[in-house]
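These are notes for a colleague who is opening this entry without having seen it before. Please read them with the structure at hand.

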Amino acid sequence: MSATLSPAEMDHLGEIAGAMIPASADLRMPAADDPVILDDIAKSVGRDLALVREAIAAILKMANGAFAGLDQDAKEALINDYHARGGAPAEALGRAILAAYYRDDRVLVALGQEARSPFPKGHVVEPRDWSLLDAVRHRAPFWRDDRMTGTGER
Amino acid sequence: MAGNERVDVLIIGSGASGAAVAWSLAETKMRILCLEQGDWVKPTDFPSNGRDWEARRFGDFEIRPNLRGRDTDYPVNDDNSLMKVANFNGVGGGTIIYTAHWPRLHPSDFKVKSLDGVADDWPIDYWALERFYEENDRMMGASGLPGDPGVPPRHPPMPPIPLGRTGAVYAQAMNRLGWHWWPSDTTIATTPYDGRAQCINLGHCTPGCAQGAKASTDITYWPLALRAGVELRTRCRVREIVTDEHGMAAGAIYYDAEGREHFQPAEVVIMACNGVGTPRLLLNSASARFPNGLANSSGLVGRNLMLHPWPVVSGYVEEEMDGARAPITSMWSKQFYETDPARDFVRGYTLQFGRGAGPVTEAIGSTAAGHLPWGRGHHGIYRQLLNPRASIGVACDDLPEEHNRVTLDPELKDSNGIPAPRIDYAISENTRRMMEHGIARAEEIMAAAGATRVHTSRTVLNYPGHLLGTARMGTDPERSVVNEWGRSHDVKNLFIVDGSVFVTGGGVNPTSTIQAVALYIADQMKQRLANLFD
């Protein structure tokens with residue numbers, strides 16, 4: 001078995017990924033079968049390759065080999081049904097698609113996120129108001145002191 | 001087989017406990033060698049350097065070795081356990097991939113038999129460990145806020161991590177309910193500390209810290225231990241501990257990176273391989289003299305495994321939270337930690353308040369939970385889920401039971417052909433009642449925070465267990481594996497310093513206690529050097 005997806009498998013993956021996450025013009029979101037995203041999925045599938053292959057084959061089988069010919073309603077129903085049944089192949093397929101999709105620059109920008117790695121810039125976290133703790137600060141210690149006797153003495 | 005020069009002390013494992021004991025013993029000027037089956041991890045190796053930082057949490061920085069599958073990992077058959085094993089094989093061990101949450105056991109955790117009539121008391125108490133907790137806080141660099149009425153006094157050298165948007169939402173909810181909360185102690189540097197840069201909020205700390213702000217022993221204890229003369233040899237996987245004609249440990253047989261077999265002779269052997277690795281190695285060291293495994297005359301090696309069941313309750317609030325833009329830990333609650341006779345279970349739990357999830361993790365988690373559909377509805381729902389997530393973990397005390405255990409798998413082996421561990425583990429009825437109580441309280445907190453879509457995962461993706469209890473300490477050789485200062489009852493130059501020696505697990509992350517125990521045992525060894533084997 002090849003260590004990468006074949007052209008035919010890539011075609012099937014594109015059909016499936018595009019149905020799982022279609023484009024939205026209103027939200028400026030590409031589809032998961034966008035060539036850049038699809039290429040990223042294929043490159044990063046790594047150790048999940050066998051499971052992704054298994055998922056593609058299972059979905060095609062459920063569609064009697066004619067997934068591409070289904071309308072979008074039928075595709076979505078089939079994929080959500082397949083995913084709801086669970087199992088490692090379904091999880092691996094979803095993980096591979098989501099991991100590549102939600103790191104795409106266009107997707108992140110459309111979501112109002114910064115398209116960058118966390119390091120080295122990091123993030124700012126608001127310190128907020130520690131006076132919220134005043135309600136707790138004045139409580140008497142309530143952890144159980146094993147040195148206390150029955151009369152409350154140490 | 002290659003023979004090596006004899007050392008005074010051989011430490012197996014370079015993680016939380018192995019590093020601490022190496023550093024502590026270094027002042028004796030003994031010749032100390034540590035064997036580690038993994039590699040050093042460089043700051044540039046960590047996922048936060050790249051755009052695939054979230055995906056790698058499901059790949060080479062996955063915390064479950066069976067999914068991570070590095071060539072430095074060994075497989076674990078945990079099919080017969082809802083809780084999965086987490087570890088990391090490399091210099092620093094589990095501290096590379098821990099959350100840096102830094103609670104201690106409570107004094108009552110050491111006396112559950114005396115106080116609550118269950119399990120067993122430890123042979124030592126909290127107060128014997130207190131100065132080692134404090135020393136370890138200084139060495140690892142702890143951050144926190146003194147004055148918490150829910151725990152004994154402690155003195156973290158740095159201020160706490162920021163409350164943030166998420167913490168403020170939780171705090172307001174907890175104040176409405178009148179329940180205790182406090183900013184979590186962590187080992188995240190909130191100021192420059194001992195050569196470490198302060199946290200710049202790279203996100204969740206679990207897959208390591210490129211900034212070096214999270215304390216892992218490769219950047220805390222190890223540089224000091226190496227400077228003091230300790231030798232650390234990586235890519236050395238120990239197969240077994242060998243004993244001599246007197247029944248003493250003679251050293252260890254290990255494989256190097258090329259698969260060559262070596263014998264490393266030693267005067268003293270210290271095991272620091274965690275609660276699964278240590279019993280595995282002891283059981284793999286069976287011999288004619290020790291047919292049931294080394295140090296196992298009690299039959300308790302591998303038994304009493306505790307994994308800390310950890311349900312997580314999640315929901316979504318109205319406002320944007322911190323998401324993955326901060327350390328995952330924010331605060332804890334000890335409101336339900338101690339035993340309450342009015343409840344239908346003994347002991348208790350810590351509530352741990354998490355920040356949220358990044359874009360990929362949110363999508364994967366929400367599809368798995370059935371909240372995020374595939375198809376045209378995907379985008380609209382996703383926009384409601386990204387960033388307002390709140391998650392509360394219920395860290396349950398998991399009392400020891402002998403049927404929860406580590407054995408050797410009859411078929412599964414690692415890449416060197418060494419039999420792999422098998423886990424058999426079931427959650428007790430007491431723990432199940434505790435879990436349900438904690439879930440109900442977490443749901444009340446979610447309601448007080450105005451959260452919707454509240455849902456619970458009883459055994460959660462990426463929340464595998466801590467590894468404790470499989471070579472417990474005690475004064476009775478028939479009821480324990482090591483004595484009250486970590487020495488094997490059966491083999492008087494063999495010591496265990498990792499989480500295996502825990503008698504109970506408490507309802508907290510265990511690393512600060514693992515290291516305090518390791519420092520305590522090292523101190524005991526130093527005090528007894530003249531008659532260590534008597």
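The points below take up the interface, then a sheet, a helix and a strand residue, and finally the salt bridges.

1. Status of the model. The structure is a predicted model. Every value below should be read with that in mind.

2. Extent of the interface. How many residues does the contact take from each chain? Chain B contributes 72 residues and chain A contributes 59 residues. The area buried between chain B and chain A comes to about 5,500 Å², and carbon and sulfur atoms give 62% of that area. On the side of chain B, the residues that lose the most area to chain A are B:Arg51, B:Trp374 and B:His379; together they account for 17% of what that side buries.

3. Polar links across the interface. Between chain B and chain A there are 6 salt bridges. B:Arg376 and A:Glu76 form a salt bridge, with their closest N and O atoms 2.8 Å apart. Across the interface of the two chains, 28 residue pairs are in polar contact, with both residues at pLDDT 80 or more.

4. Which elements of chain B touch chain A. Six elements of chain B are to be listed here: α2 (65-68), α3 (112-116), α5 (164-177), β5 (182-183), α8 (359-368) and α9 (378-385) each supply at least two residues of the side that touches chain A. Which of them gives the most? That is α5(B), with 6 residues. By type, the residues on this side of chain B divide into 34 nonpolar, 22 polar and 16 charged.

5. The sheet that includes β10(B). In chain B, 6 strands form an open sheet with antiparallel pairing, in the order β5-β11-β12-β13-β10-β16. The edges are β5 and β16 of chain B, each of which pairs on one side only. Strand β10 (residues 312-316) of chain B is joined by 5 bridges to β13 (residues 389-396), running antiparallel. Another 4 bridges join β10(B) to β16 (residues 452-457) of chain B, also antiparallel.

6. Residues within β10(B). Is this strand mostly covered or mostly open? It is mostly covered, with 5 of its 5 residues buried. On one side lie B:Val312, B:Ser314 and B:Tyr316, and on the other B:Val313 and B:Gly315; all are buried. B:Gly315 stands opposite B:Ala390 in β13(B). B:Tyr316 has B:Arg389 as its bridge partner in β13(B) and stands opposite B:Thr452 in β16(B).

7. Helix α7(B). Why can helix α7 (residues 274-284) of chain B be called largely enclosed by the rest of the structure? Because 10 of its 11 residues are buried. The buried residues include B:Gly275, B:Arg280 and B:Asn284. Among the elements that cover them are β2 (7-12), β7 (237-243), β9 (261-271) and β17 (494-496) of chain B. At the start of the helix, a side-chain oxygen of B:Asn274 comes to within 2.7 Å of the backbone nitrogen of B:Val276.

8. B:Thr407. This residue lies in strand β14 (residues 405-413) of chain B. With 17% relative accessibility, B:Thr407 counts as buried, because the cut-off for buried is under 20%. Leaving aside neighbours within four places in sequence, B:Thr407 is in contact with B:Leu283, B:Ala420, B:Pro421, B:Arg422 and B:Asp424.

9. Salt bridges within chain B. The structure holds 53 salt bridges over all chains. One of them pairs the side chains of B:Arg154 and B:Asp185 at 2.8 Å, N to O. B:Arg154 lies in the loop between α4 (126-140) and α5 of chain B and B:Asp185 in the loop between β5 and α6 (221-227), so the pair ties together parts that are 31 residues apart in sequence. B:Arg154 is buried at 5% relative accessibility, and B:Asp185 is buried at 4%. B:Asp414 forms a salt bridge with B:Arg237, with the closest N and O atoms 3.8 Å apart. As B:Asp414 lies in the loop between β14 and β15 of chain B and B:Arg237 in strand β7, this pair ties together parts that are 177 residues apart in sequence.

10. A salt bridge within chain A, and a network. The side chains of A:Lys75 and A:Glu15 meet in a salt bridge at 3.3 Å, N to O. A:Lys75 is buried, with a relative accessible area of 10%, whereas A:Glu15 counts as partly exposed at 32%. A network of salt bridges links A:Arg144, B:Asp109, B:Asp116, B:Arg347 and B:Asp397.

Key: Residues numbered from 1 in each chain as written. Chains lettered and ligands numbered in written order. Predicted model: local features only at pLDDT ≥ 70, side-chain atom pairs only at ≥ 80, totals over all residues. Heavy atoms only, no water. Contact = heavy atoms within 4.5 Å. Buried area = accessible area lost by both parts, 1.4 Å probe. Salt bridge = Lys/Arg side-chain N within 4 Å of Asp/Glu carboxyl O. Polar contact = N/O pair within 3.5 Å; in protein donor to acceptor, adjacent residues only side chain to side chain. Nonpolar A, V, L, I, M, F, W, Y, C, P; charged D, E, K, R; others polar. Buried < 20%, exposed > 50% of the residue type's maximum accessible area, 1.4 Å probe, protein only. Pairing = 2+ DSSP bridges.
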